[in-house]
Each structure stands twice: as C-alpha cells, then as structure tokens.
Amino acid sequence: MIFLKTEEETALLREANQLVGRTLAEVAKLIKPGVTTAYLSQVAEEFIRDNGATPTFKGFPNQDGSPFPAALCTSVNDMVIHGIPNDEPLKDGDIVSVDCGTYLNGYCGDSAYTFCVGEVAPDVRQLLKVTKEALYKGIGNAVAGRRLGDIGSAVQSHCEGYGYGVVREFVGHGIGREMHEDPAVPNYGRRGTGTLLKKGMCIAIEPMITMGKRNIAMKEDGWGIVTVDHKPAAHFEHTVAVLAGKAEILSSFDYIDEVLGKREF
C-alpha cells in the first residue's frame with residue numbers, strides 16, 4: 001500500500017532527511033587514506049544520536065533476521081551496497097559509498113553519496129559523475145502524473161549510454177514512518193509504464209551503477225553486495241517528495257558540497 005503524505009508529514013520527513021545530509025557531511029570531513037569505515041560509522045552514530053535521532057540501519061533485520069551491526073553502510077570499490085563497516089583502512093584511489101538513515105520524530109531519512117579517497121582514476125571518477133547525473137535525471141521525472149517507469153528509464157538510458165551496468169536486483173523505495181515502504185522504485189524501465197505518480201508520494205531514488213557488467217553477488221556475511229566482475233560500482237541516493245510540476249528533494253548534498261569545496265566527490 002502506498003501512503004500519500006500530508007504537508008505536515010512531508011515536513012517531518014524533510015527534517016529527518018536534512019539530518020542525514022548533515023551526517024554525511026560529517027563523514028565527508030574524515031574521508032582520507034588510512035581512515036577506517038568503522039570509525040566513520042562511529043562518528044555518524046554519535047552525530048545522529050546527539051541530534052535527537054536514531055540510526056535506522058543499526059539493528060535493521062536481514063532476511064534471516066540477523067541485525068545490521070552499524071549506523072552506516074560503507075561499500076568500497078566493487079561493493080555496490082550494504083557493506084558492513086570494518087577496521088580495514090581506506091586506501092588512496094578507493095571509492096566508498098556511504099549510505100545513511102535516520103529516524104527522527106517518527107519519520108525516516110535516507111540518502112547516499114559515493115566519495116573519492118585521495119586520488120582516484122579518471123575512469124572511476126566518470127562513473128561517479130554519471131551515476132550522480134542519473135540520480136538527478138530520475139528526480140526530474142518524479143512528477144505527479146508521470147509513472148515509475150519514467151524515473152527508471154531516465155536513469156537507465158543515461159547510464160547505459162556510457163556502457164555502464166544498471167543493477168536490477170536492488171531498487172529504490174517509498175519512505176515515511178518506515179524506511180522501506182511501497183512502491184519499489186527501479187533504476188530501469190520503460191517510459192509510460194508502472195505505478196502512476198501522485199502528489200504526496202515520498203520515494204528514495206538510488207541509482208546503483210557498475211562500471212562493468214550489472215551482475216552481482218552477495219558476500220558470505222549475508223549483507224554486502226559486490227559486482228561479479230569486481231569492477232567498481234557507484235551509488236547515490238536522495239529522498240524526494242512527488243509534487244505537481246517538480247519534485248522536492250528532501251535530503252541534501254549541500255552540506256557535503258560545503259565540505260568538499262571545488263571537489264565534486
């Protein structure tokens with residue numbers, strides 16, 4: 001069932017999502033060679049709790065009921081999503097997707113950004129650039145009166161135009177009081193197909209794009225998703241409210257931009 005949000009509910013979602021943006025910016029300040037993803041998650045959790053919220057990822061149950069152990073998903077290089085933070089230092093040339101969720105005043109925030117660690121190869125930087133562009137192309141189609149297939153088609157056509165793979169098995173989602181609500185929001189599709197978008201729908205759009213083939217596999221920990229060919233993957237995510245004429249982005253990369261300055265990633 002798809003829950004349409006009132007203006008008051010959307011305002012609460014905006015607050016939770018702005019906190020996610022601020023948390024990602026705190027993480028952005030720390031990303032450099034030698035830093036561990038476990039430390040990034042620790043800092044993020046402290047920041048979230050200091051701001052009166054709880055990290056929605058920590059304790060989130062897997063299909064077998066096992067809880068996710070950290071506040072962030074940190075996915076390095078060929079890991080697409082759901083990486084468990086660990087004590088292995090990040091290296092110069094790595095990329096790391098940082099996915100963050102908050103629960104504040106009864107509503108959820110969810111956003112992700114892929115960062116460069118030190119000097120990253122130009123072809124990998126292009127993957128990040130194109131994936132981020134695809135996110136905004138998807139958002140440009142999150143308008144009342146259009147359909148979910150319009151969002152997926154916009155993402156897919158942009159990324160496949162560069163020869164990249166578009167992950168099929170994991171998708172975006174509705175969001176509200178629960179982190180994952182209906183509808184599912186694929187990053188692929190055909191224009192004019194799928195669920196009709198209506199004012200009041202709040203969805204998380206999150207392209208998961210691979211430099212090589214789109215095929216993925218799950219790690220033995222039951223969480224991490226990696227590319228089968230071990231080529232890099234990028235992941236960007238915004239939570240948006242569907243409106244007439246133009247979507248409102250409830251999360252924010254502005255805080256990250258302030259930290260990175262002239263660097264895009």
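In this predicted model, strand β3 and strand β12, the latter covering residues 225-227, pair in the antiparallel sense over 2 bridges. One place where the two strands meet can be named, for Ile-81 stands opposite Ile-225 in β12. The pair belongs to an open sheet of 3 strands, which follow one another in the order β3-β12-β11 with antiparallel pairing. At the edges stand β3 (79-81) and β11 (216-218), and because each has a single partner strand, one side of each is left without a neighbour in the sheet. From one strand to the next, the twist of this sheet averages 40°.

A second open sheet, also described by 3 strands, has the order β6-β10-β13, and its pairing is antiparallel. Its edge strands are β6 (165-166) and β13 (233-235), each of which pairs on one side only. Within this sheet, strand β10, made of residues 208-210, is joined to β13 by 3 bridges, the two strands running antiparallel, and Ile-209 stands opposite Ala-234 in β13. Helix α3, residues 122-139, packs on the sheet and touches β10 and β13, and the direction of the helix makes about 35° with that of β13.

How far apart are the end C-alpha atoms of α3, and what span should its 18 residues have? The end C-alpha atoms lie 26 Å apart, and at 1.5 Å a residue the 18 residues should span 26 Å, so the two values agree. The buried residues of α3 are Val-124, Leu-127, Leu-128, Val-130, Thr-131, Lys-132, Ala-134, Leu-135, Gly-138 and Ile-139. In reading such a list it helps to recall that an α-helix has 3.6 residues a turn, so residues three or four places apart point the same way.

Two hairpins can be set beside each other with the strand pairs that form them. Strand β4, residues 95-104, is joined to β5 by 10 bridges, and these strands run antiparallel; in β5, the bridge partner of Ile-95 is Cys-116. The hairpin of β4 and β5 has 2 residues between its strands, and Asn-105 in the turn has a positive phi of about 55°. Strand β7 (residues 172-174) and strand β8 (residues 181-185) pair in the antiparallel sense over 3 bridges, with Gly-174 opposite Glu-181 in β8, and they form a hairpin with 6 residues between them.

The antiparallel strand pairs described so far are listed here with their bridges.

| Strand pair | Bridges |
|---|---|
| β3 and β12 | 2 bridges |
| β10 and β13 | 3 bridges |
| β4 and β5 | 10 bridges |
| β7 and β8 | 3 bridges |

Strand β5 deserves a fuller description. It is mostly covered, with 10 of its 10 residues buried. Tyr-107, Gly-109, Ser-111, Tyr-113 and Phe-115 point one way from β5, whereas Cys-108, Asp-110, Ala-112, Thr-114 and Cys-116 point the other way, and all are buried.

Two residues of this strand can be followed through their surroundings. Phe-115, which is found in β5 (residues 107-116), has a relative accessibility of 1% and therefore counts as buried. Leaving aside its neighbours within four places in sequence, Phe-115 is in contact with Leu-24, Ala-28, Ile-31, Asp-94, Ile-95, Val-96, Val-98, Leu-128, Ile-256 and Phe-265. Phe-115 and Val-240 are 125 residues apart in sequence, and their C-alpha atoms are 21 Å apart in space.

Thr-114 also has its place in strand β5, and with a relative accessible area of 1% Thr-114 is buried. Which backbone oxygen does the side chain of Thr-114 reach? It is that of His-235, at 2.7 Å. With neighbours within four places in sequence again left aside, Thr-114 is in contact with Ile-95, Val-96, Ser-97, Leu-128, Ala-234, His-235, Phe-236 and Phe-265.

The cysteines remain to be considered. A search of the whole structure finds 0 disulfides. The cysteine sulfur closest to that of Cys-100 is in Cys-73, at 9.4 Å, which is too far for a bond; Cys-100 itself is buried, with a relative accessible area of 0%. For Cys-202, the closest cysteine sulfur is that of Cys-108, and because the two are 12 Å apart, they are too far from each other for a bond. Cys-202 also counts as buried, at 3% relative accessibility.

How values were computed
Residues are numbered from 1 along each chain as its sequence is written. This is a predicted model: local features need pLDDT of at least 70, side-chain atom pairs count only at pLDDT 80 or more; totals for chains, interfaces and linings use all residues. Side-chain values use heavy atoms; hydrogens and water are left out. Helices (H or I, at least four residues) and strands (E, at least two) are DSSP runs, numbered from the N terminus. Buried means under 20% relative accessible area, exposed over 50%, partly exposed in between (1.4 Å probe, protein chains only). Contact means heavy atoms within 4.5 Å. A disulfide is a pair of cysteine sulfur atoms within 2.5 Å. Two strands pair if DSSP finds at least two bridges between them. Axes are lines fitted to C-alpha atoms, for helices over the stretch in contact, and angles run from 0 to 180 degrees between N-to-C directions. A polar contact is a pair of N or O atoms within 3.5 Å; within protein, one must be able to donate a hydrogen and the other to accept it, and residues adjacent in sequence count only if both atoms are side-chain atoms. The expected span of a helix is 1.5 Å times one less than its number of residues.
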